[in-house]
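Dear colleague,

Please find below the sequence and structure that I am handing over to you. A summary of the findings follows.

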Amino acid sequence: MTASSPDHVAELEGFYGSLHIAERFLQEVWEKQDFDGERLRLRDGRKISILSPGIWNHQEGPDFRDATLRIGDSRVIGDVELHLYPQDWDRHAHGSDPNYERVVLHVTLFDGPAPATLSPQVALLSLLPFLRSDLEGMLTHYALRQTLAVDPREEPWVERLMRDCATPEQAHLKLMQKARIRWELKCQFAQVRLRRYGWQQSAHQLCLEVLGYRRNRAPMHAIALEHPLRAGQPDWEPEQVFESRRGEWKLQGIRPANQPFRRLCAYHGLLSEYPNWPELLLALLQQFESVDGDVLELHEVPGNVQRFRKQFGVREILKALESTLLKGRIGGSRLHTLCCDAFLPLFAAQSGQDGFSRWTVWHAGDMPAFLDQVLSLLRLQQINGAVKCNGWMQGMLQLAIEQE
């Protein structure tokens with residue numbers, strides 16, 4: 001990294017869909033140690049422990065200075081350089097740059113061929129397999145942190161959106177295009193999870209992650225893996241698992257109703273009454289499967305959200321969830337978030353149906369107030385009495401992720 005060089009950005013295609021990823025995102029992940037440090041392994045299979053990530057260097061030279069590591073049985077002190085791909089070491093000519101002579105660890109997000117100019121003394125670590133959450137979720141959280149304290153009119157992606165869309169109708173279609181990208185990403189992630197864990201465990205994991213909100217998604221994910229869904233009553237208690245993650249919870253500024261301990265209690269209640277709740281959920285959603293393939297005309301959405309919600313059974317699904325499985329344990333905007341971020345993409349991946357239309361007109365779940373301010377700037381809700389829908393909010397989230 002150099003003080004004058006721009007932040008490098010990658011657009012990843014294929015396995016993870018289309019994602020714009022900045023190197024600064026990876027630097028934040030490293031600085032906060034937002035990965036499973038207990039399982040870390042180098043590319044050559046050796047165990048590595050991060051005793052200290054080092055000091056974030058915002059000047060010329062390696063990204064982090066004076067890190068302390070344990071590689072195998074050896075204690076190692078030196079610098080750490082981070083890139084999106086291993087080959088970036090060669091592309092940036094670090095092998096011939098004396099500023100990088102103290103580098104002991106090259107960290108990359110993705111795997112790939114080892115750099116030709118990387119010294120054999122420099123260890124190589126690919127972080128993607130060890131992230132605490134899925135890549136899309138982490139990128140969303142990162143993008144939102146960058147915008148929450150910003151006036152929407154000063155945010156580059158909002159400025160571009162307002163410049164490119166002269167009318168609310170044009171803004172609507174733009175957001176729907178971006179929402180489609182986000183939907184397909186969610187379905188791809190769901191497919192990956194289903195292949196690895198199956199329907200029951202995937203539903204169990206996603207439900208806990210969503211109940212963790214953005215701040216506590218990682219410890220909830222860890223709890224889901226430590227306590228997989230089993231037949232019969234849950235083999236854990238909320239107090240036990242909450243204490244097991246002491247020090248990881250982010251509690252400041254969270255409303256009492258959204259405290260992770262209360263959410264763990266609510267989920268424990270669901271498990272106690274319905275140990276096989278994912279199968280019941282699947283059967284419920286299959287009742288509405290026939291309309292999943294129906295496609296709405298996107299230009300008709302703004303003034304007809306209520307009609308489309310009726311067409312795609314949104315009210316009936318919510319009523320069935322609230323009266324059977326959930327029974328007041330999870331409701332309001334959190335229930336909408338649970339449906340939009342977990343149940344609907346997972347069901348689409350399981351059934352092979354394209355549920356984009358239903359997902360688009362669904363009620364918006366928990367979203368930052370920043371996005372409501374953007375909606376006001378775009379005048380979207382002035383279109384024939386339009387009702388705020390999930391598609392608009394998801395489209396804005398995708399634009400925030402794609403900002404460079």
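**Findings in the predicted model**

Lys327 is placed in the loop between H11 and H12. The model is a predicted one, and the description below should be read with that in mind. The phi of Lys327 is near 50°, a positive value in a residue other than glycine. Most residues other than glycine have a negative phi. Is Lys327 buried, exposed or partly exposed? With a relative accessible area of 41%, Lys327 is partly exposed, because buried means under 20% and exposed means over 50%.

Two further residues have a positive phi. Gln33, whose phi is near 55°, belongs to the loop between helix H1 (23-32) and strand E3 (48-52). Tyr213 comes just after H5 and has a positive phi of about 55°. The ring of Tyr213 also has a charged neighbour: the charged end of Arg334 sits over this ring, 3.5 Å from its centre. In another case of this kind, Arg307 lies over the face of Phe308, at 4.6 Å from the ring centre.

**Helix H5**

Helix H5 covers residues 168-211 and has 44 residues. The C-alpha atoms at its ends are only 33 Å apart, whereas a straight helix would reach 64 Å at 1.5 Å a residue. Where does H5 bend? The bend is at Gly198 and amounts to about 115°.

**Nonpolar cores**

The largest nonpolar core has 53 residues. Within this core, Leu264, Tyr267, Trp277 and Leu321 have the most contacts. Two or more residues each come from H5, helix H6 (217-226), helix H7 (238-244), H8, H9, helix H11 (314-326), helix H12 (332-351) and helix H13 (356-361). Of these elements, H5 gives the most to the core, with twelve residues. A second core, separate from this one, has 35 residues, among them Ile21, Phe35, Ile71 and Leu135. In soluble globular proteins, nonpolar side chains tend to be buried together.

Which residues does Trp277 contact, leaving aside its neighbours within four places in sequence? They are Ala203, His204, Cys207, Leu229, Tyr267, Leu270, Leu271, Leu325 and Phe343.

**Aromatic pairs**

The structure holds twelve aromatic pairs. One of them is formed by Phe242 and Trp249, and this pair is stacked, with 5.1 Å from centre to centre and 15° between the planes. Phe242 and Trp249 are both buried.

Why is the pair of Tyr267 and Trp277 edge-to-face? The ring centres are 6.1 Å apart and the planes stand at 90°, so the pair counts as edge-to-face, for which the angle must be over 60 degrees. This pair links distant parts of the chain, ten residues apart: Tyr267 lies in helix H8 (residues 260-273) and Trp277 in helix H9 (residues 277-286). Tyr267 and Trp277 are both buried.

Ring pairs also join Trp183, Phe356 and Trp359 into a cluster.

**Gln394**

Gln394 is located in helix H15 (residues 390-402). Its relative accessible area is 2%, so Gln394 is buried, the limit for this being under 20%. Not counting residues up to four places away in sequence, Gln394 touches Ala179, Arg182, Lys186, Asp341, Trp359 and Met367. One of these contacts, Trp359, also belongs to the ring cluster with Trp183 and Phe356.

With kind regards

Definitions and conventions:
Residues numbered from 1 in each chain as written. Predicted model: local features only at pLDDT ≥ 70, side-chain atom pairs only at ≥ 80, totals over all residues. Heavy atoms only, no water. Helix = DSSP H or I, 4+ residues; strand = E, 2+ residues; numbered from the N terminus. Buried < 20%, exposed > 50% of the residue type's maximum accessible area, 1.4 Å probe, protein only. Contact = heavy atoms within 4.5 Å. Expected span 1.5 Å × (residues − 1). Bend = angle between axes of the 7 residues up to and from the residue. Phe/Tyr/Trp six-rings, centres within 6.5 Å; stacked < 30°, edge-to-face > 60°. Lys NZ or Arg CZ within 6 Å of the ring centre and 35° of its normal. Core = buried A, V, L, I, M, F, W, Y, C linked by side-chain atoms within 4.5 Å.
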